[in-house]
Amino acid sequence: MVTFLIVVRFANMTARILLITLCILACYSERLVGQDRTSRWRDLDSIATFIPADYITKLDSVHDYLHRKGNNDEERIWLFYGYLGIHFKYDESRKNALNAPVFSPQYTAERRKGVCRDYTRVFMYLCDKSGIPNMEVFGRSPMPASDWLRRKLHRAGTRTNHVWNIVFYNNEWHLMDPTWSGVSRIEKFRRTDPKTKKYITWVVKIPNRQYFDVEPKEMMKDHAPNHPAFLLSEMVPTFKTVRRTSSRQKVYREGYDYVSALDELNCYEFPKFTTLYDTACIAYCKRSDLIYEYNYQLYSQLGKQPRSFKPTVEFYEERIAHGKKITGYLATHSVYNLGWIFRDYESYVNKKKERL
């Protein structure tokens, strides 16, 4: 009997030791995984910092380089965001220009500065070329009183004054605002040169990622989207109270299935040119973005282009074809018929084509 009890106690002790050992190994393994991920993010920031000089102002070259360096969509998005945060500056002079010319994403990349619309369009361009689902978000953020007064005096809109992005990876939608990035700090790392076997120092710029993959509640503090699905929240506050504290928010809708709403929008080639998108915006924020987006789609590639760009007859014909496509898309998927705007646009493009 005594022998039996000793065996049982020994077995229980062995089991406990084994369990403790497994827990320690699991914690250690988890810690190593965390360290590996942190090290990988640092390596990716290093890649974004040291984009080859002959690529840096050429958006397609930048994309191809960063796309190859990322192993998956999450890493590529990290690189795209880092590229904007490290190499771009906010253009204060363009911000205050009420009738600023439209910049193509390629031109923004060449000058490496812009306003929120320029940042988001470059980010979208990079994601689109990598086949990563994404959408641009129109909305409202805190506006200095001087800017608000200036817009009012010039009868410019104040309801929409900011643009940011949502992007899909790891089977979820994520909130991003690359405009509010910039370099947060500079770190130095020592590594061994594989050729010389000597230590070399790397100076890596670390972008501010406060608005990279932001939690919805944090994003609500200073971002109010025109479409409720872009809050990524089942509890939707009213548009006017989004940026208030939770206790002061008024409820627009509870139990909102934003995932289905975004999935449905993402099925369309031009989500913002649909009745589905437009009616939701009008109901939520009392504003339609459709005509603004239509004009941007028409004129974005006719705006400022890189110095190396040379327009051709084929280029202008492609722009007219694109204009016809989106005009027809609008007529099919919404209640708007903007053929009269397109006719003016077509005449404008044809005049440019004739000058070649």
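This tour moves through a predicted model in four stops, each beginning with a selection to make in the viewer.

**Stop one: E74 and its surroundings**

Begin by selecting helix 3, residues 73-87, and within that helix pick out E74. Its relative accessibility is 18%, and because buried means under 20%, E74 counts as buried. Now show the side chain of N170 as well, where you will find a polar contact of 3.0 Å to the side chain of E74. To complete the picture, add R37, W41 and Y169 to the display, since these, together with N170, are what E74 touches once residues up to four places away in sequence are set aside.

**Stop two: the second largest pocket**

Next, select R121, M124, D128, F270 and Q297, which are the closest to the centre of the second largest pocket among the 26 residues that line it. The space in this pocket comes to about 740 Å³. To see how the lining is assembled, colour helix 5 (105-111), helix 6 (116-129), strand 3 (134-140), helix 11 (290-299) and helix 12 (313-333), each of which supplies at least two residues. Helix 6 deserves its own colour here, as the largest share of the lining, five residues, comes from that helix. If you then colour the lining by residue class, you will see eleven nonpolar, seven polar and eight charged residues.

**Stop three: the largest cavity**

From the open pocket, turn to the enclosed spaces, of which the model has two cavities of 30 Å³ or more. Select W164, L175, P216, M219, M220, H223, P225, F230 and L231, the residues that line the largest cavity, whose volume is about 40 Å³. Helix 8, residues 216-220, gives the most to this lining, with three residues. In terms of residue class, the lining of the largest cavity consists of eight nonpolar residues and one polar residue, with no charged residue.

**Stop four: C281 and C285**

Finally, select C281 and C285 and display their sulfur atoms. Why is there no bond between these two cysteines? The sulfur of C285 has its closest cysteine sulfur in C281, at 5.5 Å, and this is too far for a bond, given that a disulfide requires the two sulfur atoms to lie within 2.5 Å. A search of the whole structure likewise finds zero disulfides. Both residues can be checked for accessibility while they are selected: C281 is buried, with a relative accessible area of 0%, and C285 is also buried, with a value of 1%.

Definitions and conventions. Residues numbered from 1 in each chain as written. Predicted model: local features only at pLDDT ≥ 70, side-chain atom pairs only at ≥ 80, totals over all residues. Heavy atoms only, no water. Helix = DSSP H or I, 4+ residues; strand = E, 2+ residues; numbered from the N terminus. Buried < 20%, exposed > 50% of the residue type's maximum accessible area, 1.4 Å probe, protein only. Polar contact = N/O pair within 3.5 Å; in protein donor to acceptor, adjacent residues only side chain to side chain. Contact = heavy atoms within 4.5 Å. 1 Å grid on protein atoms, 1.4 Å probe; cavity = no way out; pocket = protein on both sides within 12 Å on 5 of 7 lines; lining within 4 Å. Points joined across faces, edges and corners; volume = space filled by probe spheres on them. Nonpolar A, V, L, I, M, F, W, Y, C, P; charged D, E, K, R; others polar.
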